[in-house]
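Here is a fold to read together. The learner would like to know how sheets, helix pairs and a ligand shell are described.

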Amino acid sequence: MAEVKELKPDLADDPKFITGIGLIDEAAAELRNISHNIMPATLSKLGLVPAVKSLCDIISSGKGPEVTFISFGIDGRLSVPVELSLYRIVFELINNLVKHSGATKATVQLMGHAGYINLVVEDNGRGFRQTTGANENSGIGLGNVAARVEYLKGKMDIDSMPGKGTTIIIDIPVNAS
Ligand SMILES: Nc1ncnc2c1ncn2[C@@H]1O[C@H](COP(=O)(O)OP(=O)(O)OP(=O)(O)O)[C@@H](O)[C@H]1O
Ligand SMILES: [Mg+2]
């Protein structure tokens with residue numbers, strides 16, 4: 001907006017022009033958000049482990065739960081689809097625990113084993129009752145997680161009960177390095 005005002009000072013007070021530029025600014029911000037969500041800088045530059053660690057640190061530094069991050073056995077980089085999907089999965093699970101769990105403590109574990117990556121997200125919050133049918137829970141987040149796990153030919157196990165906290169365990173096969 002500022003740059004355009006300098007270039008076209010005569011237009012700067014026209015309401016239509018202002019609305020138009022506002023929309024462009026908004027779209028640009030939105031695009032930045034989306035692309036950051038798809039591939040945040042830490043993820044593309046440093047890989048999955050530092051990116052997830054930084055996510056946990058950000059949550060822990062806020063008012064929400066203290067999120068402990070534990071990782072071992074993942075030394076190099078994983079393939080782009082695996083890094084991206086696992087990041088999106090962790091992002092949604094952390095999002096859920098912040099939004100729904102009321103937990104004071106949570107743990108995110110990312111472990112490399114021969115031939116697979118194991119992700120565990122655990123919280124000490126209120127837990128929830130699992131519904132048997134697909135899509136019976138209110139949102140699309142867990143459905144998306146399940147779809148990503150399936151796409152990567154992995155397995156997901158949700159262990160949650162009202163009052164008992166939630167543990168979500170995901171195994172994703174990767175080529176042994
Ligand atoms: N860690 C958790 N603790 C307590 N309840 C949870 C937790 N994770 C999920 N839930 C419950 O499962 C429901 C479904 O989660 P899901 O991510 O699919 O949807 P959402 O978070 O409500 O919406 P969306 O992800 O579409 O924004 C949630 O509404 C919540 O009731
Ligand atoms: Mg959700």
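What follows is a short dialogue that goes through the sheet, the helix packing and the ligand shell.

Q: Before we start, what kind of model is this, and how are residues, chains and ligands numbered?
A: It is a predicted model, in which local features need pLDDT of at least 70, side-chain atom pairs count only at pLDDT 80 or more, and totals for chains, interfaces and linings use all residues. Residues are numbered from 1 along each chain as its sequence is written, while chains are lettered from A and ligands numbered from 1 in the order in which they are written.

Q: How do I read a sheet, and in what order do the strands come here?
A: Strands (E, at least two residues) and helices (H or I, at least four) are DSSP runs, numbered from the N terminus. Two strands pair if DSSP finds at least two bridges between them. Here five strands form an open sheet with mixed pairing, in the order β1-β2-β3-β5-β4. β1 (66-72) and β4 are the edge strands, each pairing on one side only. From one strand to the next, the twist averages 10 degrees.

Q: Which residues of β5 sit opposite those of β4?
A: β4 (residues 155-160) and β5 (residues 166-173) pair in the antiparallel sense over six bridges. Lys155 stands opposite Asp171, Asp157 stands opposite Ile169, and Ile158 has Ile168 as its bridge partner. The hairpin of these two strands has five residues between them, and Gly163 there takes a positive phi near 85 degrees.

Q: How many bridges join β3 and β5?
A: Eight, again in the antiparallel sense. One pair to find in the viewer is Leu119 with its bridge partner in β5, Ile170.

Q: Now helices: what do I need to describe a packed pair?
A: You need the angle between the axes and the distance between the axes. Axes are lines fitted to C-alpha atoms, for helices over the stretch in contact, and angles run from 0 to 180 degrees between N-to-C directions. Take α4 (residues 48-60) and α5: they pack at about 15 degrees, with axes 10 Å apart. That makes α4 roughly parallel to α5 (angles under 35 degrees count as roughly parallel, over 145 as roughly antiparallel, 65 to 115 as roughly perpendicular and the rest as oblique).

Q: What makes up the contact of α4 with α5?
A: Residues are in contact if their C-beta atoms, placed from the backbone, lie within 7 Å. Leu48, Ala51, Val52, Leu55 and Ile59 of α4 meet Glu83, Leu86, Tyr87, Val90, Phe91, Ile94 and Val98 of α5. By class, that is 11 nonpolar, no polar and one charged (Ala, Val, Leu, Ile, Met, Phe, Trp, Tyr, Cys and Pro count as nonpolar, Asp, Glu, Lys and Arg as charged, and the others, Gly among them, as polar).

Q: At what angle do α5 and α6 pack?
A: About 155 degrees, with the axes 10 Å apart. So α5 is roughly antiparallel to α6. Their contact includes Arg88, Glu92 and Asn96 of α5 and Asn144 and Arg148 of α6. The contact residues divide into three nonpolar, five polar and three charged.

Q: Which residues come nearest to ligand 1?
A: A residue is near a molecule if its C-beta atom, placed from the backbone, lies within 6 Å of it. Of the 18 residues around ligand 1, Asn96, Ser101, Gly139, Gly141 and Leu142 come nearest. Two elements give two or more residues to the shell, α5 (80-101) and α6 (141-151). The largest share, five residues, comes from α5. By class, the shell has four nonpolar, 11 polar and three charged residues.

Note on methods
Contact = placed C-beta atoms within 7 Å.
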